[in-house]
Amino acid sequence: MWCCRLSHLHGRLQNLLSRGVTCSAFQQPNFKSLFPLAIRWHHTASKSLNCAWQQHEDHFELQYANTVMCFDYVWLRDHCRSASCYNSKTHQRSLDTASVDLCIKPKTIRLDETTLFFTWPDGHVTKYDLDWLGKKSYEGQKQKVIQPRILWNAEIYQQAQVPSVDFQSFLETNDGLKNFLQNFLLYGIAFVENVPPTQEHTEKLAERISLIRETIYGRMWYFTSDFSRGDTAYTKLALDRHTDTAYFQEPCGIQVFHCLKHEGTGGRTLLVDGFYAADQVLQKAPEEFELLTKVPLRHEYIENVGECHNHMIGVGPVLNTYPWNKELYLIRYNNYDRAVINTVPYDVVHRWYTAHRTLTVELRRPENEFWVKLKPGRVLFIDNWRVLHGRESFTGYRQLCGCYLTRDDVLNTARLLGLQA
Ligand SMILES: C[N+](C)(C)CCCC[C@H](N)C(=O)O
Ligand SMILES: O=C(O)CCC(=O)C(=O)O
Ligand SMILES: [Fe+2]
């Protein structure tokens, strides 16, 4: 067959899938499938368009803009943007995909300028713009850059001199908000300055970019070292680097911290870019990185203090990557809240501990630690899916307020401002 430029993963997927549902027509060799239309290439008249296509037995192949793309026929029918298949006002599919014959093939295919026309056996016509197919295809999106990020250690972050955004400009201008979000997306942390040191003003900030995620800790939280809750956060003890709410099925996306008062010593905040550390693991020990993406873990929060009774459990690997491009999108790292491991046998457990140690060594390198003293007026936003936080032990009276944000809504705001998120 001509179209052999399938990625490894894709190849394996296809093997797997071909053992599942296949169309009987493909299994019985007939004259047509022995002599597919492979030799009959269709070229566009204009050389400048640089487009060629051919109709294979089980897929449509398109060469356009220096990319070879292979499309499944059901996919081509399913993504039809005609008025009866797709509501362009709501951007929702109207077509019932289950009504599409899984063995569907177009009756005819025609290219006119930059539009491909597929006529289906029932006479329905689907039009595709070549650029649209180029952008939306598997092969096209594989080439697309992943979320732009600047992975950092303390030196990289400090040298970058990332500016903080002023409270007023954050609240009142789209540019202020956009700059803030751009930095937040790039580094996973961002600061707002000159915020009046009250819970109400902190809440206003949060609401400017997102919905506040209410949790067992409340909507806005306000805490001191009074052990009002059954967690070390509510003490004066040091806290090693961690991500919060690893014990939720979906850990909180963003954490907001505003230190309203501290009369005492210590209490500095530690920040570590988890993606930078994970990337070091990927470079040095790729099979350990892989294992950290594979072994599912439980994290657990059990609380019985005063009126507070909670038992939360979240399941997922330490490193979460997208299966199609291996991009890391979430790290769950909380050694305090990690529950009993019993999801894999003992030999895998041992390899997992080795991999976890490698990651921990990276996370603990002093050069990866960025320390800041939170002060009244300076609000810190942390991407809790990427950047770990911790704190130094402290003395005296210390008041912190803040909240969690829903990640979807922060990204929504970023996209509406024209940012890639
Ligand atoms: C105080 N505040 C509400 C911010 C967090 C409390 C959560 C602490 C928990 N061990 C965790 O890491 O998720
Ligand atoms: O007290 C601090 O600075 C942070 C404590 C903490 O980790 C948390 O509240 O999530
Ligand atoms: Fe925390």
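**Figure 1. A close-up of residues 54-133 in the predicted model.** Across this stretch, 12% of the chain is helix and 39% is strand. Follow the span from one end to the other and you finish with the end C-alpha atoms 15 Å apart. In UniProt, an unreviewed entry lists residues 54-133 as "domain: Gamma-butyrobetaine hydroxylase-like N-terminal".

**Figure 2. The span 161-404, with its UniProt label.** Here the unreviewed UniProt entry gives the annotation "domain: TauD/TfdA-like". Helix takes up 29% of residues 161-404 and strand 32%. The end C-alpha atoms of this span sit 26 Å apart.

**Figure 3. Stepping back to the protein chain and its two assigned domains.** The domain assignment puts residues 8-143 in domain 1 and residues 154-416 in domain 2. Taken over C-alpha atoms, the centres of domain 1 and domain 2 are 43 Å apart. If you're counting elements, the protein chain has 14 helices and 24 strands. Of its 421 residues, 28% are buried. Take the contacts with a separation of 6 or more: 71% of them join residues 24 or more positions apart.

**Figure 4. The residues around ligand 1.** Aromatic names to look for in this view include Tyr217, Trp221, Phe223 and Tyr336. Asp231, Asp244 and Asp337 are also in the shell, and so are His242, Thr245, Asn334 and Ala233. Sorted by class, the shell around ligand 1 comes to 5 nonpolar, 3 polar and 3 charged residues.

**Figure 5. The residues around ligand 2.** Ala233, Leu239 and Leu400 surround this ligand along with Asp244, Thr269, His389 and Arg391. By class, that's 3 nonpolar, 2 polar and 2 charged residues. Ala233 and Asp244 turn up in the shell of ligand 1 and in the shell of ligand 2.

**Figure 6. Leucine 270 and its contacts.** Leucine 270 belongs to strand 16, which runs over residues 269-273. With 18 other C-beta atoms within 10 Å, leucine 270 is partly exposed. Set aside its neighbours within four places in sequence, and leucine 270 still touches Arg241, Glu369, Trp371, His389, Gly390 and Arg391. Two of these, His389 and Arg391, are also among the residues around ligand 2. Glutamate 392 is 122 residues away from leucine 270 along the chain, yet their C-alpha atoms are separated by 7.5 Å.

**Figure 7. The buried side of helix 10.** Helix 10 covers residues 199-209, and its buried residues include Thr202, Leu205, Ala206 and Ile209. These four are on the same side of helix 10 because they cover an arc of only 95 degrees around the axis.

**Figure 8. Helix 14, from its buried side to its exposed face.** Which residues of helix 14 (residues 407-416) are buried? They are Arg407, Val410, Leu411 and Ala414. Their directions cover an arc of only 95 degrees around the axis, so they sit on the same side of helix 14. Turned away from that buried side is a face carrying the exposed residues Asp408 and Leu416. Among the elements covering the buried residues are helix 9 (174-187) and helix 10, plus strand 15 (254-263) and strand 24 (397-405). Look just past the end of helix 14 and you'll find glycine 418, with a positive phi of about 90 degrees.

Notes:
Residues are numbered from 1 along each chain as its sequence is written. Chains are lettered from A and ligands numbered from 1 in the order in which they are written. This is a predicted model: local features need pLDDT of at least 70, side-chain atom pairs count only at pLDDT 80 or more; totals for chains, interfaces and linings use all residues. A residue is near a molecule or strand if its C-beta atom, placed from the backbone, lies within 6 Å of it. Ala, Val, Leu, Ile, Met, Phe, Trp, Tyr, Cys and Pro count as nonpolar, Asp, Glu, Lys and Arg as charged, and the others, Gly among them, as polar. Domain bounds come from an automatic or database domain assignment. A residue is buried if 20 or more other C-beta atoms lie within 10 Å of its own, exposed if 12 or fewer, and partly exposed in between; C-beta atoms are placed from the backbone. Helices (H or I, at least four residues) and strands (E, at least two) are DSSP runs, numbered from the N terminus. The arc is that of the directions from the helix axis to the C-beta atoms. UniProt positions are given in the numbering used here, feature names are shortened, and annotations may be inferred rather than shown by experiment. Two residues are in contact if their C-beta atoms, placed from the backbone, lie within 7 Å.
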